[in-house]
Amino acid sequence: MAMALLPPKTLSFLPNSLRNQVLPRKCRLQEKIVSCSCSSSPSMPKKCSLSLSSSGFLSRRVLILLGLSSSLPLMFPSPGCHAEEELKMASVVDEINAYTYMYPLELPSEKLVLKWVESRKPERYSSAAPLSPDARLRIVSERVDIIDNIILSVSIGPPNFQILKSKDKSTWTAKDVADSVLADKSALRVTSSQRMAESSLLDAHSNEIDGEPYWYYDYLVRKSPTKTVQESNLYRRNVASTVERDGFFYTLNASTLSKQWDQMGPVLEKTVASFRLLPSTDNYVPPYKDPWRFW
């Protein structure tokens, strides 16, 4: 995995809000890994500031050459911990669907190294795997840690206007957006209301970033979480961030077993809070383009 220091000009393609979070504050530099200070808050999203050095360089061109999904290691203090207890994260850029987010690599305070597998490489919406029989909601990328039972997935799908009664997104509540996404998430041939019944929404709120609303929600899935674990009181705990573009919802979902939430929950919340849409490039393929094309 490539590791480098990022000068400010490298971040010019990021949205203003993310770039502003990255640049303003002074932080401690450790070797070739970036560290940051995070403001602790009971609700998402949490804000982080990174220190950047002019030495070292990883250009956007290099990111593209490395592939459509590129990773940069970063170091973050874990929420509510001492400064020496740091969280190492990597940054993903998907230029096909024009988004970015950060995901955890190591939790030194827990002596935990996550072993990620990219189970689905970024692909266009028309060729992505459907999450339901009607193929409205589709996974465009996914990475999993099988050992630690963690799944990170990005899905794209149209809003469900049986739940969202208006096409004016300024009127949408976080709960309605969450219900819209969850209604299209089941792989079973059931009604939208039955699909929502599989999940229990714990929290939902929104935040405006670069003039666009991002909706955040936390929910439990009422199914057996794994084939090997059959306890009836063990569910998958999920956190997600959804944003709308070009008439489609883009959602980053992070989940783990409920019994692991105390350890992994704050880390997954940080991952979801880092989700941002990026300005489109020549590589961007809008979901509505060539819907018949599956390669």
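Analyst: Buried means under 20% relative accessible area, exposed means over 50%, and partly exposed lies in between, with a 1.4 Å probe and protein chains only as cover. This is a predicted model, where local features need pLDDT of at least 70, side-chain atom pairs count only at pLDDT 80 or more, and totals for chains, interfaces and linings use all residues. Residues are numbered from 1 along each chain as its sequence is written, and side-chain values use heavy atoms, with hydrogens and water left out.

User: Why is S241 called buried?

Analyst: S241 has 0% relative accessibility. The cut-off is under 20%, so S241 counts as buried. S241 sits in strand 15; helices (H or I, at least four residues) and strands (E, at least two) are DSSP runs numbered from the N terminus.

User: Which residues does S241 touch, beyond those up to four places away in sequence?

Analyst: Contact means heavy atoms within 4.5 Å. On that test S241 touches Y214, W215, Y216, Y250, T251, L252, V272 and F275.

User: What makes the largest nonpolar core a core?

Analyst: A nonpolar core is a set of buried Ala, Val, Leu, Ile, Met, Phe, Trp, Tyr and Cys residues joined through side-chain atoms within 4.5 Å. The largest one here has 40 residues, and Y101, Y103 and Y250 touch the most other members. At least two residues each come from strand 6 (86-94), strand 7 (99-107), strand 12 (150-157), strand 14, strand 15, strand 16 (248-257) and helix 5 (261-273). Strand 7 gives the most, with six residues.

User: What does Y250 contact, leaving aside neighbours within four places in sequence?

Analyst: The partners of Y250 are N97, S155, I156, S241, T242, V243, R245, F275, L277, Y284 and P287. Apart from the core of Y250 lies another core, of 16 residues, including A174, V177, W215 and Y219.

User: How do you know that helix 5 is mostly covered?

Analyst: Of its 13 residues, 10 are buried. They are W261, M264, G265, V267, L268, E269, K270, T271, V272 and A273.

User: What about helix 3, residues 174-183: how many of its residues are buried?

Analyst: Eight of the 10 residues in helix 3 are buried. The list is A174, V177, A178, D179, S180, V181, L182 and A183. S180 also appears in a C-alpha pair with I163: the two are 17 residues apart along the chain and 6.0 Å apart in space.

User: Why does I163 fall on its side of the cut-off?

Analyst: I163 has 17% relative accessibility, so it counts as buried. Its place is the loop between strand 12 and helix 3.

User: Is L257 buried or exposed, and how do you know?

Analyst: L257 is at 1% relative accessibility, so it counts as buried. L257 belongs to strand 16. From C-alpha to C-alpha, L257 and I151 are 9.9 Å apart, with their positions 106 residues apart in sequence.

User: What puts K111 and D246 in different accessibility classes?

Analyst: K111 has a relative accessible area of 80%, so it is exposed. D246 has 36%, so it is partly exposed. K111 lies in the loop between strand 7 and strand 8 (112-113). D246 lies in the loop between strand 15 and strand 16.

User: What is the phi of each?

Analyst: K111 has a positive phi of about 55° and is not a glycine. D246, also a residue other than glycine, has a positive phi near 55°.

User: What makes the second largest pocket a pocket rather than a cavity?

Analyst: On a 1 Å grid over the protein atoms alone, a cavity is a set of points where a 1.4 Å probe fits but cannot get out; a pocket is an open set with protein on both sides within 12 Å along at least five of seven lines. The second largest pocket holds about 210 Å³. Its lining has 15 residues, and E212, Y214, R245, L277 and L278 are the closest to its centre. Lining residues have an atom within 4 Å of a point. Grid points are joined across faces, edges and corners, and the volume is the space filled by probe spheres set on them.

User: Which strands supply at least two residues of that lining?

Analyst: Strand 14 (212-221), strand 15 (236-245) and strand 17 (276-277) each do.

User: What classes make up the lining of the second largest pocket?

Analyst: There are seven nonpolar, one polar and seven charged residues. Ala, Val, Leu, Ile, Met, Phe, Trp, Tyr, Cys and Pro count as nonpolar, Asp, Glu, Lys and Arg as charged, and the others, Gly among them, as polar.

User: How many helices and strands does the protein have, and what share of it is buried?

Analyst: The protein has five helices and 17 strands. Of its 295 residues, 56% count as buried.
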